[in-house]
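Trainee: Please choose one part of this structure and take me closely through it, then follow what it leads to. I am new to this, so please explain each term when it comes up.

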Amino acid sequence: LGALSRVTVMLELGIVPVYVFDGPPPAVKADTIADRQAARDNGRALVIPREAFDEVKHLIQLMGVTCVQSPGEGEAQCAWYSMADHIDAVATEDIDCLVFGAKFMIRGLNATAKTVTLIDRAAVLAGFGLTDAEFVDLAILMGCDYTVERPSVGPARALRLMREYHSIEAIFAAGELVDPEEFDYVAARAEFANPTGITDDLGDITPTP
């Protein structure tokens, strides 16, 4: 019902939605997936049956709206579409889409949000005074799905260190932070730069009458 209402409202407002569903996660995300599975097993997380996703996909397609099954991470796929100018913005609550390179992100485009926020990636980088590479390293330093362990550092200090040293390697070399043994920031950085299993095949996104 939520998907039906949301798609109907967007179409009435002249917004052409493209729904992208996650595919298999990359290997570098295995530890995070294991932690989430443990939370489900302990009853601390909501489990949505696979059938529910299939039903939503079928409903969206019946409404004539494009539905994409990504071969990899959905956020990475959306960012790729954004960088290729196939879409105007990515509507999500996951800030990772900006780390992957999405030009514009929309937060709050759901049934419960009272405000909708448009985030311009270029403006964010300019405001932080960071390059693309430094922005990715900042996100990894503060914690992402591709690194379970990370240095003990808050957002304000992480930003200050990145502005001063410009890379995670330089921060560790200066002795500003201790590098945790399981903090594989190199693999995380590689996944953000070249996401596993994304496709450029979007096809015609014009809604079918």
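Mentor: Helices (H or I, at least four residues) and strands (E, at least two) are runs assigned by DSSP and numbered from the N terminus. By that rule the protein chain has ten helices and five strands, and the part I choose is helix α4, residues 74-83. Before we look, please remember that the model is predicted, with pLDDT of at least 70 needed for local features and 80 or more for side-chain atom pairs, while totals for chains, interfaces and linings use all residues. Numbering runs from 1 along each chain as its sequence is written, and side-chain values use heavy atoms, without hydrogens or water.

Let us begin with how α4 sits in the protein. A residue is buried under 20% relative accessible area, exposed over 50% and partly exposed in between (1.4 Å probe, protein chains only). Across the chain, 37% of the 209 residues are buried. In α4, eight of the ten residues are buried, so this helix is largely enclosed by the rest of the structure. The buried residues of α4 are Gly 74, Glu 75, Ala 76, Gln 77, Cys 78, Ala 79, Tyr 81 and Ser 82. If you want to know what encloses them, look for the three strands β1 (18-21), β2 (66-69) and β3, together with helix α5 (96-100) and strand β4 (104-107), since these are what the buried residues of α4 pack against.

Now follow the chain out of α4 and you come to Asp 85, whose phi is positive, near 60°. Asp 85 is not a glycine, so its positive phi is noted as a feature of a non-glycine residue, and it belongs to the loop that joins α4 to β3 (90-91). In contrast to the buried residues of the helix, Asp 85 is exposed, at 54% relative accessible area.

Cys 78, one of the buried residues of α4, raises the matter of disulfides, each of which would be a pair of cysteine sulfur atoms within 2.5 Å. The structure holds none. For Cys 97, the nearest cysteine sulfur belongs to Cys 78 and lies 7.7 Å away, and Cys 97 is in no disulfide. Cys 97 has a relative accessibility of 0% and counts as buried, and Cys 67 is likewise buried, at 18%.

Strand β4, which α4 packs against, leads us onward to Ile 119 in strand β5 (residues 117-120). This isoleucine counts as buried at 17% relative accessibility. Its C-alpha is 6.2 Å from that of Ile 106, although 13 residues of sequence separate the two. A contact means heavy atoms within 4.5 Å, and, leaving aside residues up to four places away in sequence, Ile 119 touches Ile 95, Leu 98, Lys 103, Phe 104, Met 105, Arg 107 and Val 124. Such links across the sequence can also be seen for the whole chain, where residues 24 or more positions apart account for 56% of the contacts with a separation of 6 or more.

Val 124, touched by Ile 119, is a residue of helix α6, and it takes part in the meeting of Arg 121, Val 124, Leu 125 and Phe 128 in α6 with Asp 132, Phe 135 and Leu 138 in α7. To describe how helices pack, axes are lines fitted to C-alpha atoms, for helices over the stretch in contact, with angles from 0 to 180 degrees between N-to-C directions. The axes of α6 (residues 121-128) and α7 are 10 Å apart, at an angle of about 85°. Helix α7 also packs with α8, at an angle of about 145° and with the axes 10 Å apart. In that pairing, Glu 134, Asp 137, Leu 138, Leu 141 and Met 142 of α7 meet Pro 155, Ala 158, Leu 159 and Met 162 of α8. Helix α7 (residues 132-142) has a further partner in α10 (residues 185-193), with axes that come within 10 Å and cross at roughly 130°. Here the contact is made by Val 136, Asp 137 and Ile 140 of α7 with Tyr 185, Ala 188, Arg 189 and Phe 192 of α10.

Finally, the loop between α8 (155-165) and α9 (168-173) holds His 166, and this residue is worth setting beside Asp 85. Its phi is near 75°, again a positive value in a residue other than glycine. His 166 is partly exposed, at 43% relative accessible area, whereas Asp 85 is exposed.
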